[in-house]
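Biologist: Can you walk me through this one? Start with the overall build, then go to the helix packing.

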Amino acid sequence: MTDIANDYLISGQIHFTGLGSGTDFDTMIQKLIEIEKKQHVTPLEDWKKTWEDKVSAFQELNTAMLNLENTLKSMDSIKEFFIKNATSTDTDILTATASSDAQKGTHSIEINQLAQNDILISQNYFSSEDAVINNTGSDETFSYTYNGNDVTLNVPDGTTLSAFVSMINNDADNPGIKASIIKKADGQFHLQLAGLDLGSSYAITINSGPSSFDADSSSSVTNADFYHTQTAQNAQIKVDGFPNDGTWIERDTNSIDDVITGLTLNLKSTGSAQITITNDTEAIKEQIKTFIEQFNKVVSLIREQTKVTKTTNNKVKGSILTGNYGLQIIQQRLKTLLARVGIGFDRNEDPYPSLSNIGITTDADEGSPTLGELKIDEAKLDDALSANAQAVAEIFSANYVPATSSSDFKYYSHIDGVTKGGKYTVEYTVSGGSITSAKIDGYDAGIDGNIITSKTGNSKGLAIQIDNLSDGTYSGTIRLKYGKTLELRDELDELTDSADGTLNVLQDNYNEIIEDIEKKISWEQKRIDKYERDLRQRFSRLEALLGYYNSLDTQLSSQIASLKPGNK
């Protein structure tokens, strides 16, 4: 009996209810196991939970930082940040849009004609869309020229008008015309050919066609057999009275973006209108407020995750990440980045070399509920925008905006992802009208004609055009300005990098700790399982022994009871 019980115990299928002895051994074992788990497993599980909470907090912060980074990407260039308005005195004639390159001011625009596409409609008509256009008994050809391309189509005998339209439109060599059917009245269906491009260069020339389109009995089909309902032509405009020699500025589009720098003119009708370009300071302020709000969300989250509070008994209680060195690194890097002078900016040369110059500072009041967050002096910002909106845009979103200290040379180009923003010295020597030596940032530069290029250091890839080639030695500085939006974007990209970012490195470290704790929990669980099996084996033997004695007691009692009174 004991061996069978042990087999069940080993397989975990036996429980004791005290039926044999009247003692609830199963409950006793459960309580002993619960005590063991409480002493050795629960602390580990609680410990594991604290690390899991820290990982969750890092993930929450990582998400907030990525959201901030995405917001910054929508304003990380002057073009995106520096918003300008272009208003028209007559929007039925002309509207316009302005980029950051447009200069404030007013322009008078006169529109003589709009750009048009070419449209031809056949003079001959057909009884229906399914009328046959070739019933000659043999193939005919349709040949036309468009945009310098000659196209010839074979028109089989029995081809209908609708099939002919499909043939033109589906032709792989179609250079840009569209065929349609125009119904004038019942029994009067005309073929329409329309160029898909605007401008005088896009006229349609018919060279030959099915004889059914011959309207003048000339035995050939040409443009003369079609109504020319709209002629391909360029748009014609004058800007501020120019040109004044009887000619016009012509373009093959009604959306003209290459006449006035930074301004796109959308021509609607002939006539005259004025376009006024202004800085949209309210839109710029909204960009700045978005920058601040999104940044403050990250700072607020860090503050909440690291805050220290006092309990009712005046004891200090930390938050989930209080004292975490990773967050201390992040806080310090963000704080330093926004407080320092912008990369490539100069306190003496630039109107606003830092955010504080336009009224944006960090709340440093230790007792403030917004400690560490950015705050804005709107009056100071308004003054800055009014005085020099371009400079405000630069401190935020300058993307390698160049500035030189000398008229002897100027910025030529740089390499994205290689050249760094900053201030660099430029030195060069000219002999016999040629550059004989050159240095950028103290290092020898490459020389190609009048272009010198940095080959090393942070300025690597920076190319400078030398304008003064008179014999002599020259020096100066060149600055590539890099705004705070781009600085912060790059910093966040580095901090949240999935491989080497500070947050992800910490998460990996914490996950390793969690894995080690899980191994300890697993080991303890195995130990407790073995402990439970041992207990059940012991109590099984005890149950069996008690059962044996109970049975023996019953037998003895029965035997005693069976004795005759005289024999007791």
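**Overall build and one helix pair**

Modeller: Sure. The chain has ten helices and 27 strands. Keep in mind that this is a predicted model.

Biologist: Is the chain compact or spread out?

Modeller: Spread out. Its radius of gyration is 43 Å, while the globule rule gives 24 Å for 568 residues, so the chain is more spread out than a compact globule.

Biologist: What box do the C-alpha atoms fill?

Modeller: Roughly 155 × 85 × 50 Å, along the principal axes.

Biologist: What share of the residues is buried?

Modeller: Buried residues are 41% of the 568.

Biologist: And the contacts: how many join residues at least 24 apart?

Modeller: 68%, counting contacts between residues at least 6 apart in sequence.

Biologist: New topic. How do H2 and H10 pack?

Modeller: H2 covers residues 25–40 and H10 covers residues 502–562. The angle between them is about 160°, and their axes are 10 Å apart.

Biologist: Why call them roughly antiparallel?

Modeller: Because angles over 145 degrees count as roughly antiparallel, and theirs is about 160°.

Biologist: Is the crossing left-handed or right-handed?

Modeller: H2 passes H10 in a right-handed crossing.

Biologist: Which residues make the contact?

Modeller: On H2, they include Phe25, Met28, Ile29, Leu32 and Glu36. On H10, Arg527, Ile528, Tyr531, Leu535 and Phe539 are among them.

Biologist: How many are nonpolar, polar and charged?

Modeller: Eleven nonpolar, two polar and eight charged residues make up the contact of H2 with H10.

Key: Residues are numbered from 1 along each chain as its sequence is written. This is a predicted model: local features need pLDDT of at least 70, side-chain atom pairs count only at pLDDT 80 or more; totals for chains, interfaces and linings use all residues. Side-chain values use heavy atoms; hydrogens and water are left out. Axes are lines fitted to C-alpha atoms, for helices over the stretch in contact, and angles run from 0 to 180 degrees between N-to-C directions. Helices (H or I, at least four residues) and strands (E, at least two) are DSSP runs, numbered from the N terminus. A crossing is left-handed if the near helix is turned anticlockwise from the far one by less than a right angle, and right-handed if clockwise. Contact means heavy atoms within 4.5 Å. Ala, Val, Leu, Ile, Met, Phe, Trp, Tyr, Cys and Pro count as nonpolar, Asp, Glu, Lys and Arg as charged, and the others, Gly among them, as polar. The radius of gyration is taken over C-alpha atoms; the globule rule is 2.2 Å times the number of residues to the power 0.38. Buried means under 20% relative accessible area, exposed over 50%, partly exposed in between (1.4 Å probe, protein chains only).
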